[in-house]
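Visitor: I would like to know how the labels on a protein model are earned. Could we go through some of them one by one?

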Amino acid sequence: MRIYIADDYEQMSVKAALIVAGQITMKADSILGLCTGSTPIGMYKELVKMHRQQGLDFSQVITFNLDEYWGLSPENDQSYHYFMHENFFNHVNVKPNNIHIPNGLAEDINDECKRYEEAIRQANGLDLQVLGIGRNGHIGFNEPATEFIGETHLVELDTDTINANARFFASRAEVPTQAITMGIKTIMQAKKILLLANGEGKAQAIKEAVTGEVNPSVPASILQLHPDCTFLVDKAAAKYL
Ligand code: PGA
């Protein structure tokens, strides 16, 4: 595991965008695993800038998002579908057919999880997965648990996650309690992983993920076993390292 400590959020975001751009330069038809949340917004802004100013080309890139709230339509402004279009896809030249996000309104959840998993397999897996981390150590919506769950599945969100995400909703009661998430095996099979974290609120989770034992009670700790994983965090998130 490589750990890079950036001075601040801006430096973290620029470096993250450079790593993603480097991946696309190396392989124009890269398969990218993408995340949502407040952490990657700066990275997406930088990537949009690189597209506009330097012609960074996403025309062959294929994307798979990590997760989606269960029960939210793509048009709902709190859905991750909406987030990704607002913050990224609407501003770059990723082809709509190359964008994959779990369907939060699928009628059959098991079919949807299988379909998503199969689509990733058909694409030959992820070249680079970008991750955030929850204050409880979650990656995607793989919440602290007694076992690691391998493949894409429906998950009950942790109280901590619901509380943390309530800031994006009009009220806590509106935060969905379930989500579809890529599983730990799906994430770990990515060829490269880039985890981003900023702010002191993430410092404890980063410490446990990097220096604690590999344990499903801190899902991100499994990244210690990945052969090509970079933690790119700002000074505040690195406080306890
Ligand atoms: P955040 O969420 O970027 O909004 O802090 C990250 C996560 O929960 O994975």
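**Labels and their reasons**

Guide: This is a predicted model. At 46% relative accessibility, Asp7 counts as partly exposed.

Visitor: Why is Asp7 called partly exposed?

Guide: Buried means under 20% and exposed means over 50%. Asp7 has 46%, which lies in between, so the label is partly exposed.

Visitor: What makes the pair Asp7 and Lys235 a salt bridge?

Guide: The cut-off is 4 Å between a side-chain nitrogen of Lys or Arg and a carboxyl oxygen of Asp or Glu. For Asp7 and Lys235 the N to O distance is 3.4 Å, so the pair qualifies.

Visitor: Which parts does the pair of Asp7 and Lys235 tie together?

Guide: Asp7 is in the loop between strand 1 and helix 1, and Lys235 is in the segment after strand 10 (229-234). These parts are 228 residues apart in sequence.

Visitor: How do you know that Glu112 is buried?

Guide: Its relative accessibility is 5%, and buried means under 20%, so Glu112 counts as buried. Its salt-bridge partner is Arg115, with the closest N and O atoms 2.7 Å apart. Arg115 is partly exposed, at 41%. The two residues are three apart in helix 4, so about one helical turn separates them.

Visitor: Where do Glu46 and Lys49 lie?

Guide: Both are in helix 2 (residues 41-54), three residues apart. They form a salt bridge with closest N and O atoms 3.4 Å apart. Glu46 is buried at 14%, whereas Lys49 is partly exposed at 40%.

Visitor: How many salt bridges are there by this rule?

Guide: The count is eleven. Lys27, Asp29, Asp127 and Lys191 are linked in a network of them.

Visitor: Why is Cys113 not in a disulfide?

Guide: A disulfide needs two cysteine sulfur atoms within 2.5 Å. The closest cysteine sulfur to that of Cys113 is in Cys35, 19 Å away, so the distance is too far for a bond. Cys229 is in no disulfide either, its nearest cysteine sulfur, that of Cys35, being 13 Å away. The count of disulfides is zero.

Visitor: What makes Asn124 stand out?

Guide: Asn124 has a positive phi of about 70° although it is not a glycine. Most residues other than glycine have a negative phi. Asn124 sits in the loop between helix 4 (109-122) and strand 6 (128-131). At 65% relative accessible area, which is over 50%, Asn124 is called exposed.

Notes
Residues numbered from 1 in each chain as written. Predicted model: local features only at pLDDT ≥ 70, side-chain atom pairs only at ≥ 80, totals over all residues. Heavy atoms only, no water. Helix = DSSP H or I, 4+ residues; strand = E, 2+ residues; numbered from the N terminus. Buried < 20%, exposed > 50% of the residue type's maximum accessible area, 1.4 Å probe, protein only.
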